[in-house]
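Here's a quick briefing to keep beside the viewer. It goes through the spaces in the fold, the annotated sites and one helix packing.

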Amino acid sequence: MSDVPDNANEHCPGTQSEQAGKTSSCQGCPNQKNCASGATKAPDPAIAEIGAKLSTVKHKILVLSGKGGVGKSTFSAHLAHALANDGTKEVALLDVDICGPSIPRIMGLEGEQVHQSGSGWSPVYVEENLAVMSIGFLLRMIKQFLRDVDWGDLDYLIVDTPPGTSDEHLSIVQYLSSTHVDGAVIITTPQEVALQDVRKEIRFCQKVKLPIIGVVENMSGFVCPSCKNTSQIFPPTSGGAERMCENLKLPLLGKVPLDPRIARSCDEGKSFLNEVPDSPAAKAYHSIVQSIQDYCSNRVTDEQSTD
C-alpha cells in the first residue's frame with residue numbers, strides 16, 4: 001500500500017484509512033498520534049470543488065444552536081423570506097438537519113422533488129428569487145449538497161444545521177473552508193438549560209474559527225395578539241441571552257417573542273412576515289435581518305479596503 005509509512009507497524013491499515021491510528025496494530029507505532037488525529041490524511045478534493053461551486057454566492061450564513069427545539073429552522077425560514085422580500089436579491093435556503101428536516105413543511109414544499117440537470121441538482125423554488133434544498137427532499141451527503149446543487153448567482157445562502165456540535169457541523173465548516181463564510185447566527189431560548197448548550201456551540205465556533213454574527217433569543221416572552229401584554233413563558237432565570245452576550249462579548253441581534261401565528265404560518269407553509277407584517281415578532285425579525293445584512297455589507301467593505 002502506497003500510504004503505509006516505511007516505519008509503520010506490521011498490518012498497518014494505511015494513513016488514508018478510516019481506521020488509521022485506531023487498530024490494535026497501530027499500538028506503539030510512531031505515527032499513531034498523527035494518524036488518529038487525521039493529520040496524515042490527504043485533503044478532501046471536494047473542498048476545492050465546493051469552493052469553486054459556491055464562488056458565485058456573495059454571503060453564506062450558518063444558523064446554529066446547541067440544542068433542538070429552539071426554533072432554529074423557523075428562524076432560518078423567516079430569514080430567507082425576509083431577505084427574498086427584496087426582489088433584487090437572489091436567496092437560497094439549504095436544510096442539512098439530518099436529525100429532522102422541517103424546512104420543506106415550513107416553506108410549503110412537502111412532497112416536492114429535486115431534479116438533476118447537466119450542471120447539477122436544481123433546487124425547489126418558493127418564489128422566483130427564493131430557492132430551497134432540503135435533506136428532506138432526498139437524503140444525500142452534505143458534501144453533495146454543497147458541490148452538486150446548481151445554485152446559480154446568489155446574494156445569500158442560509159444553512160439550517162442540525163442541533164448540537166455534531167460531525168455534521170464539523171463537515172459543513174470543513175467543506176466551506178475554501179469559501180467566504182460570513183459567520184454564524186446562534187439561536188437560543190431564554191432559559192438556562194438552553195443557554196448551557198448554546199455556550200457549547202459558541203465554543204465550537206470559536207475553536208474552528210467560525211465568526212459569530214450574533215445571538216438571537218427566540219420565544220422571548222409571549223405577546224398576546226389581542227391585548228398586547230407580554231408574559232414570560234420561559235423565565236430567563238440567569239439573565240437570558242442578553243446576560244450571556246454581555247459576558248461573552250457577543251452581539252445580541254434581537255429577541256423574537258412567541259406568537260401562535262408563527263406556528264400557524266409554518267404549518268401552512270406561509271411566510272409569517274407577509275401574513276402578519278405589523279406584529280411585534282415580525283418587527284423583531286426585520287430588525288434582526290437588518291443587523292445581519294449590515295454585518296455582511298461591512299465585511300465586504302472591510303475586505304475591499306484591505307485588498
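A word on naming before anything else: helices and strands here are DSSP runs, numbered from the N terminus, with at least four residues for a helix (H or I) and at least two for a strand (E). With that in hand, Cys224 can be placed in the loop between strand 9 and strand 10 (230-231). Keep in mind that this is a predicted model.

**The largest pocket**

- The largest pocket holds about 440 Å³ of space.
- Its lining is made up of 25 residues, and Val70, Gly71, Lys72, Thr74 and Met219 sit nearest the centre.
- If you want to find the walls by element, look at helix 3 (72-84), strand 9 (212-223), strand 11 (252-258) and helix 9 (260-267), each of which supplies at least two lining residues.
- Helix 9 gives the most to this lining, with 4 residues.
- By class, the lining of the largest pocket splits into 13 nonpolar, 8 polar and 4 charged residues.

**Annotated sites**

- An unreviewed UniProt entry carries the annotation "binding site" for Gly66, Lys67, Gly68, Gly69, Val70, Gly71, Lys72 and Ser73.
- From that set, Lys67, Gly68, Gly69, Val70, Gly71, Lys72 and Ser73 turn up in the lining of the largest pocket.
- One of the annotated residues, Gly68, is found in the loop between strand 1 (57-64) and helix 3.
- UniProt (again an unreviewed entry) also lists Cys224 and Cys227 under "binding site".
- Cys227, like Cys224, belongs to the loop between strand 9 and strand 10.

**The cavity**

- How many cavities of 30 Å³ or more does the structure hold? There is 1.
- The largest cavity has a volume of about 90 Å³.
- It is lined by 15 residues, with Cys12, Gly21, Cys26, Cys29 and Cys35 closest to the centre.
- Sorted by class, the lining of the largest cavity has 8 nonpolar residues, 7 polar ones and no charged ones.

**Helix 7 against helix 8**

- Two packed helices are described by the angle between their axes and the distance between the axes.
- For helix 7 (residues 192-207) and helix 8 (residues 240-248), the axes come within 11 Å and cross at roughly 35°.
- Is the crossing of helix 7 and helix 8 left-handed or right-handed? This one is right-handed.
- Helix 7 makes the contact through Leu195, Val198, Arg199 and Ile202, while helix 8 brings Gly240, Ala241, Met244 and Leu248.
- In class terms, the contact of helix 7 with helix 8 has 6 nonpolar, 1 polar and 1 charged residues.

Note on methods:
Residues numbered from 1 in each chain as written. Predicted model: local features only at pLDDT ≥ 70, side-chain atom pairs only at ≥ 80, totals over all residues. Heavy atoms only, no water. Axes fitted to C-alpha atoms, helices over the stretch in contact; angles between N-to-C directions. Left-handed = near helix turned anticlockwise from the far one by under 90°. Contact = heavy atoms within 4.5 Å. Nonpolar A, V, L, I, M, F, W, Y, C, P; charged D, E, K, R; others polar. 1 Å grid on protein atoms, 1.4 Å probe; cavity = no way out; pocket = protein on both sides within 12 Å on 5 of 7 lines; lining within 4 Å. Points joined across faces, edges and corners; volume = space filled by probe spheres on them. UniProt positions renumbered as here; feature names shortened; annotations may be inferred.
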